[in-house]
Amino acid sequence: MSLGNSLFNARKKAGLSQEEVAEKLGVSRQTISKWELDETLPDIQQSKKLSRLYHLTLDELIDFDVELKEIEQAIDSISEEKQKKIDWTGLYGKKYPVLVTYQKQVDIDGYAERIRELLDSLKTRYGYNDLDAMLVLKDILFHTWNVKK
């Protein structure tokens with residue numbers, strides 16, 4: 001996606017018109033249009049103002065993905081109580097069927113024993129609570145898997 005496209009989507013997501021953005025930044029509407037059409041680029045100062053106006057970091061603004069932002073906002077808006085009611089395995093199992101079939105094939109107890117040891121090690125060594133230890137272990141597993149790709 002181009003920077004212009006990112007600027008356009010971020011502006012739309014913020015519910016602002018080109019005129020409103022131009023007024024807040026002290027530039028013409030045509031300038032905003034040229035940025036969004038990739039005819040010109042905003043300078044770093046204008047980019048910083050845009051990121052503040054759209055409530056995004058500069059990195060998010062440069063690579064703005066409206067679908068990703070909506071997913072992040074949806075996740076943030078779900079209460080912990082509701083999250084506990086969601087069958088995450090079943091939900092992700094629609095996309096990754098192995099999540100609903102592996103229980104019949106894998107020695108879960110054997111892996112669970114080793115995982116408990118790793119969790120206990122994280123809690124003892126670093127003082128993490130149960131949830132934080134699980135999140136750290138999950139993140140380590142993800143990074144380990146990602147490096148192998």
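Author: Before we start, contact here means heavy atoms within 4.5 Å, and please keep in mind that this is a predicted model.

Reader: Okay, so leaving aside neighbours within four places in sequence, what is E36 in contact with?

Author: Once those neighbours within four places in sequence are left aside, E36 is in contact with G4, N5, L7, F8, R11 and Q18.

Reader: And which helix is E36 found in?

Author: E36 belongs to helix α3, which covers residues 29-36.

Reader: Is E36 buried or exposed?

Author: E36 counts as buried, because its relative accessibility is 10% and the cut-off for buried is under 20%.

Reader: You listed Q18; what joins the side chains of E36 and Q18?

Author: The side chains of E36 and Q18 are joined by a polar contact of 2.9 Å.

Reader: Switching to rings, how many aromatic pairs are there?

Author: The count comes to three aromatic pairs. One of them is formed by F142 and W145, a tilted pair with 6.0 Å from centre to centre and 45 degrees between the planes.

Reader: Where do F142 and W145 sit along the chain, and how are they separated?

Author: Both lie in helix α11, residues 130-148, and because they are three residues apart there, about one helical turn separates F142 from W145.

Reader: What about accessibility for F142 and W145?

Author: F142 counts as partly exposed at 38% relative accessibility, and W145 is also partly exposed, with a relative accessible area of 49%.

Reader: One last topic: where does the charged end of R114 sit?

Author: The charged end of R114 sits over the ring of Y111, at 4.9 Å from the centre of that ring.

Definitions and conventions: Residues are numbered from 1 along each chain as its sequence is written. This is a predicted model: local features need pLDDT of at least 70, side-chain atom pairs count only at pLDDT 80 or more; totals for chains, interfaces and linings use all residues. Side-chain values use heavy atoms; hydrogens and water are left out. Rings of Phe, Tyr and Trp (its six-membered ring) pair if their centres lie within 6.5 Å; planes under 30 degrees apart count as stacked, over 60 as edge-to-face and the rest as tilted. Helices (H or I, at least four residues) and strands (E, at least two) are DSSP runs, numbered from the N terminus. Buried means under 20% relative accessible area, exposed over 50%, partly exposed in between (1.4 Å probe, protein chains only). A charge sits over a ring if NZ of Lys or CZ of Arg is within 6 Å of the ring centre and within 35 degrees of the ring normal. A polar contact is a pair of N or O atoms within 3.5 Å; within protein, one must be able to donate a hydrogen and the other to accept it, and residues adjacent in sequence count only if both atoms are side-chain atoms.
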